[in-house]
Amino acid sequence: MTRTDRLAWLLPSAMAEPPAEGAGRPRRTVRDWVVDTTLFLLAAFVGLLASETSAKYNSDVVVLADQLLGAAAVCALWLRRRWPVGLAVALSLVSIVAPVAGGAMLASLFSLAVRKPFREVAWIGAIAAAASVAQVFIRPDPETGTLLSIGIGFVLILLVTAWGMLVRSRRKLVEALRERARRAEAEAELRAQQAQRLAREAIAREMHDVLAHRLTLLSVHAGALEFRPDAPPEQIARAAGVIRDSAHEALQDLREIIGVLRTPGESTATGEENRPQPTLETLGALVDESRLAGMKVVLDSDLDDPAAVPVATGRTVYRIAQEGLTNARKHAPGAEVTVTVRGRRGDGLTVDIANPAPDGPVPHVPGSGQGLIGLTERAMLAGGRMSHGPAPGGGFALHAWLPWPA
């Protein structure tokens, strides 16, 4: 139970809980019962005072009629929440001939001002004021002058009406703040869902970039073993070793990505710590791995200190090179791939990956092109740009530029 739920009994029924769709009137809270009982007792007390004054100057029949009308008016206050307008008009008319109903009439005006807008309160308040003036002439009080009686009636009507409107405005303010808080909570939930969706897209993109390279190695060497069953044992052993190492690396990369989804403090299944993320310094190891898999790769870099490149930028360069080598391995097997990295502080980094056209037909690989779309988005998020397409002399070329602040 929240703090608001525990303290709901201190609030009016209209504010304790929002009305449900199609529901009836809200049930009275403890505070409502206290307020209703207090108003009932005050109206009864005012009626008793007026009845004592009436008994001094009127006959027993008139006093009895006043007492009956006053008791009915006071009891009718329990209906003020259900019919505030009708009750206020009725008690205003009754108070003309029965001064003992004056307290109940004021209580009904207060309830009306709390629940209705000013336009309705104004004309009913005018009826009550006119009834107060008429009462002075129909049932005058010998102990009080005419002008004083009219003035007291106007002041009391204005006071209870203004008090009720003040309470109404305060409730409206609380309701507006509550609605603003609900809207803020809904917007925060939407932002959290959007952030979660973006995080999932980023994880999916990272998973594609990481695993596509490893799985391509598995596919190439598995295909070689399939079409060259008579290969020398040394080549079969080397291909099997590459397949084993690539599968192991793919599992390690997948474990790292899944580790991002774990809750803080949750250990991995093997208890291993996450490996360092790739950077520009590990680009050479990526090229060596591709060469070991049988690719012809030329790395041309003019960076004297790759460690000086920002980590996020270096990781993006690594992923671009990884995807470029993966695409070359899938679509141009056996072709020489050139990876060129240029840049310096203030000018940015450029990455060019090019390969000639394959010598023969290449079978279509499912899912092709998704990695390039993800890399383009990655480069844009990093503040750079990337383009790719067929090279003028045949083959395929990829060009990317990434910022490197001075």
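Start with helices α5 and α7: their crossing is left-handed. The model is predicted, so keep that in mind while you click through the stops.

**Stop 1: α5 against α7**

Select residues 118-138 for α7 and show α5 beside that helix. The two axes come within 7 Å and cross at roughly 15 degrees. Angles under 35 degrees count as roughly parallel, so α5 runs roughly parallel to α7.

Now show side chains. On the α5 side, pick V85, A88, V89, S92, S95 and I96. On the α7 side, pick E120, W123, I124, I127, A128, A131, A134, Q135 and I138. Colour this set by class. You get 11 nonpolar residues, three polar and one charged.

**Stop 2: α5 against α6**

Keep α5, residues 84-97, and add α6, residues 102-115. Which angle do they make? The helices pack at about 155 degrees, and their axes are 9 Å apart. Angles over 145 degrees count as roughly antiparallel, so α5 is roughly antiparallel to α6. As for handedness, α5 passes α6 in a left-handed crossing.

Next, the residues. From α5, select P84, V85, L87, A88, L91, S92 and S95. From α6, select A104, M105, S108 and L112. By class, the α5 and α6 contact holds eight nonpolar residues, three polar and no charged.

Pause on V85, A88, S92 and S95. These α5 residues meet α6, and they also take part in the contact with α7.

**Stop 3: α10 against α11**

Move along the chain. Select residues 283-292 for α10 and residues 311-331 for α11. Their axes come within 10 Å and cross at roughly 10 degrees. That angle makes α10 roughly parallel to α11. Here the crossing is right-handed.

Which residues meet? L283, L286 and S290 in α10 touch Y318, A321, Q322, L325 and R329 in α11. Colour by class again: five are nonpolar, two polar and one charged.

**Stop 4: A222 in α8**

Select residues 146-227 to light up α8, then pick A222 within that helix. Is A222 buried or partly exposed? Its relative accessibility is 37%, so A222 counts as partly exposed.

Now draw a distance from the C-alpha of A222 to the C-alpha of A239. The readout should be 7.7 Å, for residues 17 apart along the chain.

**Stop 5: A240 in α9**

Select residues 233-260, which form α9, and centre on A240. At 36% relative accessibility, A240 is partly exposed. Buried would require under 20%.

Draw one more distance, from A240 to L218. Their C-alpha atoms are separated by 9.3 Å, with the two positions 22 residues apart in sequence numbering.

**Last stop: the whole chain**

Zoom out and show the cartoon. The chain has 12 helices and five strands. Of its 406 residues, 34% are buried.

Switch to a surface. The accessible surface comes to about 23,800 Å², and carbon and sulfur atoms account for 63% of that area.

Finish with a contact map. Consider contacts between residues at least 6 apart in sequence: 69% of them join residues at least 24 apart.

Terms used. Residues numbered from 1 in each chain as written. Predicted model: local features only at pLDDT ≥ 70, side-chain atom pairs only at ≥ 80, totals over all residues. Heavy atoms only, no water. Axes fitted to C-alpha atoms, helices over the stretch in contact; angles between N-to-C directions. Helix = DSSP H or I, 4+ residues; strand = E, 2+ residues; numbered from the N terminus. Parallel < 35°, antiparallel > 145°, perpendicular 65-115°, else oblique. Left-handed = near helix turned anticlockwise from the far one by under 90°. Contact = heavy atoms within 4.5 Å. Nonpolar A, V, L, I, M, F, W, Y, C, P; charged D, E, K, R; others polar. Buried < 20%, exposed > 50% of the residue type's maximum accessible area, 1.4 Å probe, protein only. Areas by Shrake-Rupley, 256 points an atom, 1.4 Å probe, with all protein chains shown as cover.
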